[in-house]
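Colleague: I would like a close look at one helix pair in this model, and then a word on the cysteines. Please take me through the geometry, the contact residues and any disulfides.

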Amino acid sequence: MKVLGIESSCDETAAAVVEDGRKVLSTVVASQVKVHHRYGGVVPELASRAHIEKITGVVKQAIEAAGIDKTAIDAVAATQGPGLVGALLVGFSFSKAFAYGLGLPFAGINHLEGHIHSVFLTANPPPFPFVALLASGGHTSIYEVQRCSGMTLLGQTLDDAAGEAYDKVSKMLGLGYPGGEIIDRMAAAGDPGRIVFPRSYLDRERFDFSFSGIKTAVKRYIEDHPESRTDQVTDIAAGFQEAVVDVLAEKLMRAAAARRCRHVAVVGGVAANRRLRERLGEEADRLDLYLHIPPVSLCGDNAAMIAAAAYHRLQAGQREGLDADVYSRVKAPSAL
Ligand code: KG4
Ligand code: ZN
């Protein structure tokens, strides 16, 4: 079954064709970095407009790159939420119209479920059950994945998401948007041990996160050391990153032990982080676990993950009517 997936929940307009939830025939991601760069973050109204401008071309490109004609598509799926409502509406409405025009089944997909499916697009996906850390700009959650469409929430952030903390620290340091990638690069040149920021582990037996404390600690450090904004940028970035990575790694490994899973996965934009990938690799070796991380191109928002998640939902008979609507809700669902 060839599924055309569409993703427009935030600042990427994306389309992809995926066969049987596993084989990526094409994936096209049009970034809006240039649109939002000068504002230091995503401006929702500008995101919606950019999606409208790009969606037709991106979908056309994805179908062409898959080497098929649109009549070879078996089903259409789009991100239904959570995300920016105006942005979601563009991809969701486009997908409904496309499916209606060709008489195809249509599925609405939860963005978080989509991210977790990015790990099934790798050469050796994890066997069930496994524990997955989803770390992005909007979410930081740990799920136990029992089946393709059966995931149970073990914990989530109580305040900021990990990616959001990266973005905010980047802004504080005057490094701009998109922050995660910039801090990742800066940190590589810094000393992670020179400035030690607090780690918020909360209850060690639980899998919830909190990143607002570290964000405030960085802010206070910069205020107390005004010169640091020019001469300690790489060390602040490295110290901040080390604290975030410590917490993410510890929670994921503890969750794997608690659920007796030998396989762990990391997905979402923050999974692209070089230090996180390196550190989790070391931890997995030490604990004799198998680590699964998608290629960087599938960590950030993309439509292949949406098409992959949709395949299983469609196979199970799920269909969305043309009256279905998007949702902005930000909390991670307790089950997916
Ligand atoms: O999954 P994603 O593309 O969109 C959401 O669903 O939010 O994640 C975007 C987030 C942003 O906060 C961005 O700063 C972060 O992922 N990110 C990174 C890196 N690349 C992107 N964070 C740390 N290191 C990176 N290399
Ligand atoms: Zn995302």
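Modeller: The helix pair comes first, then the cysteines. Keep in mind that this is a predicted model.

Two packed helices are described by the angle between their axes and the distance between the axes. Here the pair is α7, residues 212–224, and α9, residues 233–258. They pack at an angle of about 160°. Their axes lie 11 Å apart. Angles over 145 degrees count as roughly antiparallel, so α7 is roughly antiparallel to α9. The crossing of these two helices is right-handed.

Now the residues. From α7, the contact uses I214, V218, Y221 and I222. From α9, I236, F240, A243 and V244 take part. Sorted by class, the α7 contact with α9 has eight nonpolar residues. Polar residues number zero there, and so do charged ones.

On to the cysteines. The disulfide count is zero. Why does C10 have no such bond? The closest cysteine sulfur to that of C10 is in C299, and it is 16 Å away, too far for a bond. A disulfide needs the two sulfur atoms within 2.5 Å. Seen from the other side, C299 is in no disulfide, and its nearest cysteine sulfur is that of C10.

Exposure completes the picture. C10 has a relative accessible area of 24%, so this cysteine is partly exposed. C299 has 0% relative accessibility and therefore counts as buried. The cut-off for buried is under 20%.

Notes:
Residues numbered from 1 in each chain as written. Chains lettered and ligands numbered in written order. Predicted model: local features only at pLDDT ≥ 70, side-chain atom pairs only at ≥ 80, totals over all residues. Heavy atoms only, no water. Buried < 20%, exposed > 50% of the residue type's maximum accessible area, 1.4 Å probe, protein only. Axes fitted to C-alpha atoms, helices over the stretch in contact; angles between N-to-C directions. Helix = DSSP H or I, 4+ residues; strand = E, 2+ residues; numbered from the N terminus. Parallel < 35°, antiparallel > 145°, perpendicular 65-115°, else oblique. Left-handed = near helix turned anticlockwise from the far one by under 90°. Contact = heavy atoms within 4.5 Å. Nonpolar A, V, L, I, M, F, W, Y, C, P; charged D, E, K, R; others polar.
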